[in-house]
Number of protein chains: 2
Amino acid sequence: MSPRLPLPDDLPVTGAWRPGDPVGGRRFHRLPADRPFSLEGGEHLDGIEVAYETWGTLDADASNAVLVCHALTGDSHAAGRNGWWEGMIGPGRAIDTDRWFVVCSNVLGGCQGTTGPASDDPSTGRPYGSTFPVVTIRDMVRVQASLADALGVERWRSVVGGSMGGMQALEWGIILPERVRSLVLASTTSEASALQIAWSHIGRMAVQADPRFRGGDYYDAAPGDGPWRGLMVARMCAQVTYRSDEAFAARFHRSVIDRFAFTADPVFDVEGYLDYHGIKLVRRFDANSYLRLNRAMDLHDVARGRGSLEQALGRVQVPVQVVSVRSDGLYPPVQQHALRDALRALGVKVDDVDIDSPQGHDAFLIETGILGPRIAEFLRSIDD
Amino acid sequence: MSPRLPLPDDLPVTGAWRPGDPVGGRRFHRLPADRPFSLEGGEHLDGIEVAYETWGTLDADASNAVLVCHALTGDSHAAGRNGWWEGMIGPGRAIDTDRWFVVCSNVLGGCQGTTGPASDDPSTGRPYGSTFPVVTIRDMVRVQASLADALGVERWRSVVGGSMGGMQALEWGIILPERVRSLVLASTTSEASALQIAWSHIGRMAVQADPRFRGGDYYDAAPGDGPWRGLMVARMCAQVTYRSDEAFAARFHRSVIDRFAFTADPVFDVEGYLDYHGIKLVRRFDANSYLRLNRAMDLHDVARGRGSLEQALGRVQVPVQVVSVRSDGLYPPVQQHALRDALRALGVKVDDVDIDSPQGHDAFLIETGILGPRIAEFLRSIDD
């Protein structure tokens with residue numbers, strides 16, 4: 001009578017991108033090899049490579065570039081077929097690629113082509129695994145700045161992101177205020193909350209508790225013998241925190257997969273849904289990246305080393321759009337409203353957008369029909 | 001740089017109660033051995049034993065008995081030193097043991113003395129483990145009714161419970177309406193929601209994903225070699241869903257355990273808090289019971305087999321107190337308000353209590369100072 005664990009028979013050892021995997025129109029930028037990249041935490045990385053995609057055409061004066069920053073399990077494939085913001089970015093869409101030159105890069109520490117734990121450490125020729133250092137949102141932004149240099153973008157028309165993407169966008173406005181003309185900060189925060197850290201920690205624990213995680217050095221394991229069970233549990237948790245009670249009630253209520261039975265096996269639709277999303281992630285994502293990016297989010301605190309929140313936000317010199325979603329329990333509106341108020345108190349022009357959606361944290365990905373027009377209008381309002 | 005998993009060196013193979021463990025003033029009731037107990041799911045159990053405690057004295061006419069039903073990881077030790085509702089039950093307290101004869105029993109499927117997966121199957125002499133059947137809230141109530149018979153309680157002054165305890169209390173009013181004079185339903189629901197099932201499923205997955213779970217047959221393992229990692233992750237998830245963003249923000253914010261560091265190891269207080277509660281649970285609770293009781297909660301749906309919600313609730317013939325907590329994201333007020341409205345529409349007298357607390361689902365355990373006077377008043381209002 002014990003429930004069964006789903007056992008997909010064709011899982012990779014890790015869901016990380018491997019050279020040769022075709023994903024969108026991905027290209028690569030390599031940071032200068034002659035000097036190591038110093039991380040905020042004190043360590044350094046050599047030979048960082050950045051996977052990115054672009055859509056649209058850069059103007060002659062390079063004034064129409066928009067940087068889109070992805071969230072935790074996103075990647076550089078924001079637009080086009082199966083892009084994670086396909087409904088938002090494209091010809092004639094809110095972030096209109098007929099008008100804007102749109103760039104999206106995979107973050108440092110990720111697993112979709114940018115240097116991360118699954119990448120080979122040039123000093124050993126083997127994957128970093130457990131030796132990959134802790135990275136921060138600020139590190140991600142400084143890597144993106146190198147890409148901007150390479151693309152000839154001195155100043156972004158806007159840096160746009162939701163959740164972890166919004167953390168990056170906000171840090172752009174603080175670290176490199178002269179290189180942005182505006183920021184779009186959706187469903188994000190100026191500092192990770194205790195609740196957000198709690199869920200990050202639980203996701204990490206789920207992965208670490210899987211003996212197949214092997215402390216992070218699992219890349220030599222046989223296919224399917226990686227820490228997919230732990231990562232699956234982590235993703236299932238995340239999937240619930242990204243939605244809401246009302247969204248689940250409307251979508252699943254108590255509907256059953258097949259027929260009702262008194263069984264410990266999955267019987268309700270919502271159980272099948274979570275299993276599906278758990279397995280889906282482990283096919284495409286690396287457990288070590290999951291740990292590192294979650295940690296970068298925990299460490300996000302714009303005030304760190306800058307005196308105070310006000311001193312940090314005081315560096316922002318451009319119009320900011322701040323997006324909240326009523327039903328977001330993970331990044332609740334109180335966080336964005338505090339950010340909005342703090343920016344306004346410092347004289348920053350803030351366009352605040354409160355979205356009345358039941359979709360929770362994921363609304364910034366789902367509700368492109370509501371959010372899109374507001375972002376389009378905001379981008380149009382930004383002077384050259 | 002990979003984070004460390006806490007490795008307590010003195011964990012039992014299971015946290016289940018073992019004969020001889022002293023816990024409060026626990027006593028035992030054995031169901032008639034001559035007839036097997038038929039479960040709602042179609043299976044049966046032989047020789048069920050029920051662990052219970054009582055406080056106060058039963059009146060000569062047995063009219064002052066109050067049944068307190070525990071939640072998922074609770075047990076029969078509701079009152080007295082370290083009782084889970086110590087602040088609520090006792091001499092001069094809200095549930096006044098100078099006036100009421102208070103009974104609390106460990107639920108069927110539990111692990112604190114009442115028959116559950118860690119108990120010996122009389123047909124084999126070995127623990128049930130994976131063979132323990134699926135049980136339901138209705139089964140729990142029918143076992144409690146046998147205890148009531150043994151105690152000489154024909155009719156409870158009130159059946160009181162929060163969360164899973166409230167599910168039992170509500171089923172008492174439906175299955176055995178003539179044996180209750182009132183019900184107190186705190187932070188509960190007439191049917192488990194998709195969100196509640198989602199978290200239950202994730203908790204089960206976390207346990208099952210632990211290879212030391214061994215499909216549920218781990219009782220022969222060496223101490224510490226049971227599925228404690230999986231159960232720990234499950235508990236950590238639950239611990240967060242039982243609280244709220246605002247409670248965590250007020251208590252932890254971004255405070256650190258020792259000093260801030262750029263590390264993947266726990267650095268924030270909230271991480272240490274979750275580890276502490278995870279480990280604490282695995283010392284006292286059995287993983288198989290966790291799975292079975294979670295499942296019983298998923299299966300809770302008073303309408304099942306009774307035509308409709310209205311037909312089910314129409315059996316309730318006594319005053320009901322329904323308690324909601326503003327910040328409860330797991331059992332949100334919308335559920336209790338729906339239950340209240342449905343009962344009122346059927347002519348039931350409902351005392352509704354909306355508690356303005358930031359403590360989330362656990363408020364019914366924590367806010368005894370607010371809830372206690374309301375329960376006391378309600379109990380006093382119930383005629384002999």
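Two strands count as paired here if DSSP finds at least two bridges between them. With that in hand, let's work through this predicted model.

**Exercise 1. The sheet of chain A**

Work out the order in which the strands of the open sheet in chain A are arranged, and find which strands stand at its edges.

*Solution.* Start with the order. Eight strands of chain A make an open sheet, and reading across gives β1-β4-β8-β5-β11-β12-β13-β14, with mixed pairing. Now look at the two ends of that list. β1 (27-30) and β14 (350-355) of chain A each have a single partner strand, so one side of each has no neighbour in the sheet. Going from one strand to the next, the twist averages 20°.

Next, zoom in on one edge. β1(A) and strand β4 (residues 49-55) of chain A run antiparallel and are joined by four bridges. To get the register, note that A:Arg27 sits opposite A:Tyr52 in β4(A).

Finally, add the helices. Helix α9 (residues 333-345) of chain A packs on the sheet, where it touches β13 (320-325) and β14 of chain A, and its direction makes about 160° with that of β13(A). Helix α11 (residues 368-381) of chain A also packs on the sheet, touching β11 (158-162), β12 (183-186), β13 and β14 of chain A. The direction of α11 makes about 170° with that of β14(A).

**Exercise 2. The sheet of chain B, from the other edge**

Find how β13 and β14 of chain B run relative to each other, and name a pair of residues that fixes their register.

*Solution.* Lay out the sheet. Chain B has an open sheet of eight strands in the order β1-β4-β8-β5-β11-β12-β13-β14, again with mixed pairing. Its edge strands, β1 (27-30) and β14 (350-355) of chain B, each pair on one side only.

Then take the β14 edge. Strand β13 (residues 320-325) of chain B and β14(B) run parallel, and six bridges join them. For the register, B:Val320 has B:Val350 in β14(B) as its bridge partner.

What lies across this part of the sheet? Helix α11 (residues 368-381) of chain B lies across β11 (158-162), β12 (183-186), β13 and β14 of chain B, and runs at about 170° to β14(B).

**Exercise 3. A helix pair**

Classify the crossing of α1 and α2 in chain A, then list the residues that make the contact.

*Solution.* Get the geometry: the axes of helix α1 (residues 137-151) and helix α2 (residues 164-175) of chain A come within 9 Å and cross at roughly 70°. Apply the cut-off: angles of 65 to 115 degrees count as roughly perpendicular. That makes α1(A) roughly perpendicular to α2(A).

Now the residues. α1(A) brings A:Ile137, A:Arg138, A:Met140 and A:Val141, while α2(A) brings A:Met167, A:Gln168, A:Glu171, A:Trp172 and A:Ile175. Sort them by class and you get six nonpolar, one polar and two charged residues.

**Exercise 4. Two domains in one chain**

Find where the domains of chain A lie in the sequence, and how many residues each gives to their contact.

*Solution.* Begin with the bounds. The domain assignment gives domain 1 as 27-191 + 304-381 and domain 2 as 197-295 in chain A. Then the spacing: taken over C-alpha atoms, the centres of the two domains of chain A are 25 Å apart.

Count the contact. Domain 1 of chain A gives 24 residues and domain 2 of chain A gives 21. On the domain 1 side, these are 12 nonpolar, 11 polar and one charged.

**Exercise 5. How the two chains meet**

Identify the symmetry that relates chain B to chain A, and describe the surface through which the copies meet.

*Solution.* First, superpose. A turn of 180° with a shift of 0.0 Å along the axis lays chain B on chain A with an RMSD of 0.0 Å. The copies are thus related as by a two-fold rotation axis. In chain B, B:Asp210 comes closest to that rotation axis, at 3.3 Å (C-alpha).

Second, count the interface: 57 residues come from chain B and 57 residues from chain A. The elements of chain B giving two or more residues are α3 (194-208), α4 (228-241), α5 (245-251), α6 (269-284) and α7 (287-299). The largest share, 11 residues, comes from α3(B). By class, the side of chain B that touches chain A has 32 nonpolar, 14 polar and 11 charged residues.

Third, compare the two sides. 100% of the interface residues of chain B are also interface residues in chain A, so the copies meet through the same surface.

Definitions and conventions:
Residues numbered from 1 in each chain as written. Chains lettered and ligands numbered in written order. Predicted model: local features only at pLDDT ≥ 70, side-chain atom pairs only at ≥ 80, totals over all residues. Least-squares fit on C-alpha atoms with pLDDT ≥ 70 in both. Contact = placed C-beta atoms within 7 Å. Axes fitted to C-alpha atoms, helices over the stretch in contact; angles between N-to-C directions. Parallel < 35°, antiparallel > 145°, perpendicular 65-115°, else oblique. Nonpolar A, V, L, I, M, F, W, Y, C, P; charged D, E, K, R; others polar. Domains from an automatic or database assignment.
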